Amino acid sequence: QVQLVESGGGWVQAGGSLRLSCEASELRANFYCLYWFRQAPGQEREGVAGIEQHGRDIYSDSVKGRFSISQGVRGKLFYLDMNDLKPADTATYYCAADPGYGCYYSALEKPEWRYSWGQGTKVTVSS
């Protein structure tokens with residue numbers, strides 16, 4: 001399984017920005033999707049973005065235009081740039097890898113059981 005470690009979470013005021021990082025033991029598959037999910041206390045985990053190895057990306061409606069997913073090093077380092085943050089963005093953010101598959105919008109609503117997950121990094125946005 002792919003090992004994932006998130007970092008970059010913290011506290012920020014509404015309207016501010018944060019960059020989250022996800023370091024992966026190398027995704028060796030020829031095809032993969034790296035997702036970012038988030039989970040607020042008492043709520044289900046929801047997907048916010050995904051990126052394939054050649055750069056195709058997808059976003060949930062709740063973050064489109066404010067968040068940007070990218071690869072720092074293909075297969076090894078990924079980022080989630082979050083701008084214009086809102087209190088509703090407060091959550092623990094997780095990256096998840098799906099080697100051998102592309103990114104699907106359906107996965108943002110319901111992640112598959114097969115994903116590898118990191119331990120999460122907490123983001124708090126104050127009003």
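## The β7–β8 hairpin

Let's start where Val-73 stands opposite Leu-77 of β8. In this predicted model, β7 and β8 form a hairpin with three residues between the strands, and Gly-75 there takes a positive phi near 85°. The two strands run antiparallel and are joined by six bridges. Further along the pair, Phe-67 has Met-82 in β8 as its bridge partner.

## The sheet around the hairpin

The hairpin strands belong to an open sheet of four strands, ordered β1-β3-β8-β7, with antiparallel pairing. β1 (4–7) and β7 are the edge strands: each has a single partner, so one side of each has no neighbour in the sheet. From one strand to the next, the twist averages 20°. As a general reminder, strands of a sheet pair through backbone hydrogen bonds, and in a regular strand the side chains alternate between the sheet's two faces.

## Two nonpolar cores

What are the residues with the most contacts inside the largest nonpolar core? They are Leu-4, Leu-34, Trp-36, Phe-78, Leu-80, Met-82 and Tyr-93, within a core of 29 residues. Two or more residues come from each of β3 (18–24), β4 (32–39), β5 (46–52), β7 (67–73), β8 (77–82), β9 (91–99) and β11 (121–126). Apart from this core lies another, made of nine residues, including Cys-33, Tyr-35, Ala-96 and Ala-107.

Leu-80 is a handy place to look around the larger set. Setting aside neighbours within four places in sequence, Leu-80 is in contact with Leu-18, Arg-19, Leu-20, Trp-36, Val-48, Ala-49, Phe-67, Ser-68, Ile-69 and Tyr-93. Two of these contacts, Trp-36 and Tyr-93, also appear among the core residues with the most contacts.

## A buried glutamate

Is Glu-52 buried or exposed? Glu-52 has a relative accessible area of 10%, and because that is under the 20% cut-off, this residue counts as buried. Its place is in strand β5. Leaving out neighbours within four places in sequence, Glu-52 is in contact with Phe-31, Tyr-32, Cys-33, Gln-71, Gly-102 and Cys-103. One of these, Cys-33, is also a member of the nine-residue core.

## Aromatic pairs and their cluster

The model has seven aromatic pairs. In one of them, Tyr-35 and Phe-37 are tilted, with 5.6 Å centre to centre and 55° between the planes. Tyr-35 is buried at 0% relative accessibility, and Phe-37 is likewise buried at 0%.

Tyr-94 and Trp-117 make an edge-to-face pair, because their planes stand at 85° with the ring centres 6.4 Å apart. This pair links distant parts of the chain: Tyr-94 sits in strand β9 and Trp-117 in strand β10 (residues 116–117), 23 residues apart. Tyr-94 is buried, with 14% relative accessible area, whereas Trp-117 is partly exposed at 27%. Ring pairs join both of these residues with Tyr-35, Phe-37 and Tyr-115 into a cluster.

## Arginines over rings

Which arginine lies over the face of Trp-117? That is Arg-45, at 4.5 Å from the ring centre, so Trp-117 has this charge over its face as well as Tyr-94 as an edge-to-face partner. Arg-114 offers another example: its charged end sits over the ring of Tyr-101, 3.5 Å from the centre.

How values were computed:
Residues numbered from 1 in each chain as written. Predicted model: local features only at pLDDT ≥ 70, side-chain atom pairs only at ≥ 80, totals over all residues. Heavy atoms only, no water. Core = buried A, V, L, I, M, F, W, Y, C linked by side-chain atoms within 4.5 Å. Buried < 20%, exposed > 50% of the residue type's maximum accessible area, 1.4 Å probe, protein only. Contact = heavy atoms within 4.5 Å. Pairing = 2+ DSSP bridges. Axes fitted to C-alpha atoms, helices over the stretch in contact; angles between N-to-C directions. Phe/Tyr/Trp six-rings, centres within 6.5 Å; stacked < 30°, edge-to-face > 60°. Lys NZ or Arg CZ within 6 Å of the ring centre and 35° of its normal.
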